[in-house]
Amino acid sequence: MNPLWRLLIGVAILVGFIAFVEVYFGWRALLAPWRHVPLNQIGIATLLSLASYWLRAVRFYDYFRLEMAGRFSLCIKLMLQHNLLNNLLPMRAGELSFPVLMSRYFAVPAVRSMPALLWFRLLDLHMLGIFALLAFQSTLWTWHWIVASLILWSPLPWLAFHFSNRWRRWLSRHDDQSRLARLSGRLLQGLPQEATTFWRAYGWTAVNWLAKLGAFVWVLRLFIDIGYPAAWMGSIAGDLTSVLPIHGVAGAGTYEAGVVAGLLPYGVAPQPALAAAVNLHLFLLGTTLAGGAISIFIGRQRHG
């Protein structure tokens, strides 16, 4: 899709959603609960969000440890800026900032950074799937279905790692390669090459999502009286909307729709679910903007 059309559609969704909330709730009434939320409760959620930012930076730093060695603060700057653009720009356009920032700050070419980013996103999706399956327990599915699904779902990243390495080794043994085969070999170099690299990235992904979803669950339950499984599923569904081909600027509208969709199977009424989803999204955007502001004060260092 033409970038201009993508932007126009994103802005249209944003404006339409703002108008919808005003007609359906009224922004003043929707935001009123914030006056009664204890600051220490928001403080806990904010600390969990900051912890997730730090863990995401550690995942970058560990994966690109040769390129980033000794420059963790610059890695945090990159992560905060990428997170800001990724959350604010429509249609996942913010993802394109990652190879640009990696090249600017660490001289890492896109042919290495883009496959790594795709790998991170696959790990993120896999981890969200595991948490979603666990949230199903005792509410929507029996344990037999949960265990069977986990057995089938859990090994997928390892299988992807195993076969990508086999493909890379096969390509390296053939000298008479086409341009496409050579490009494929270079792209595969951006994926994990060793089992230890795979497991470290997977471990950092797991603890990052525990912190991130923990923050969202905490905030969601401040605005609506629901159980933890429902709150986990609502938080997961909201985050999954980021992979949709069309969504508004800053995820407006689609994020809330995802949260509501995740809550409905648990018997949550649509109106309070939507109100809680909007306030959760405002918390997410607030921490995102705060992180972007912090990145301005982190010193910039160039490669070499």
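**A walk from Thr205 outwards**

Let's start at Thr205, which lies in helix H11, the stretch covering residues 195–223. The model we are exploring is a predicted one. With a relative accessible area of 0%, Thr205 falls under the 20% cut-off and therefore counts as buried. What does Thr205 touch, leaving aside residues up to four places away in sequence? Its neighbours are Arg59, Leu123, Asp124 and Met127. With Arg59 there is also a polar contact, side chain to side chain, at 2.8 Å.

From here, step along the chain to a pair of helices, H12 (residues 228–240) and H13 (residues 254–263). Two packed helices are described by how far apart their axes are and by the angle between those axes. For H12 and H13, the axes come within 7 Å and cross at roughly 145 degrees, and the crossing is right-handed. On the H12 side, the residues that meet H13 are Ala230, Ala231, Met233, Gly234, Ala237, Gly238 and Asp239. H13 brings Tyr255, Gly258, Val259, Gly262 and Leu263 to the contact. Sorted by class, this contact has 7 nonpolar, 4 polar and 1 charged residues.

Now zoom out to the whole protein chain. Its secondary structure consists of 14 helices and 0 strands. Of its 304 residues, 48% are buried. The chain exposes about 15200 Å², and 70% of that area is supplied by carbon and sulfur atoms. How do contacts spread along the sequence? Taking those between residues at least 6 apart, 72% join residues at least 24 apart.

Definitions and conventions
Residues numbered from 1 in each chain as written. Predicted model: local features only at pLDDT ≥ 70, side-chain atom pairs only at ≥ 80, totals over all residues. Heavy atoms only, no water. Axes fitted to C-alpha atoms, helices over the stretch in contact; angles between N-to-C directions. Helix = DSSP H or I, 4+ residues; strand = E, 2+ residues; numbered from the N terminus. Left-handed = near helix turned anticlockwise from the far one by under 90°. Contact = heavy atoms within 4.5 Å. Nonpolar A, V, L, I, M, F, W, Y, C, P; charged D, E, K, R; others polar. Buried < 20%, exposed > 50% of the residue type's maximum accessible area, 1.4 Å probe, protein only. Areas by Shrake-Rupley, 256 points an atom, 1.4 Å probe, with all protein chains shown as cover. Polar contact = N/O pair within 3.5 Å; in protein donor to acceptor, adjacent residues only side chain to side chain.
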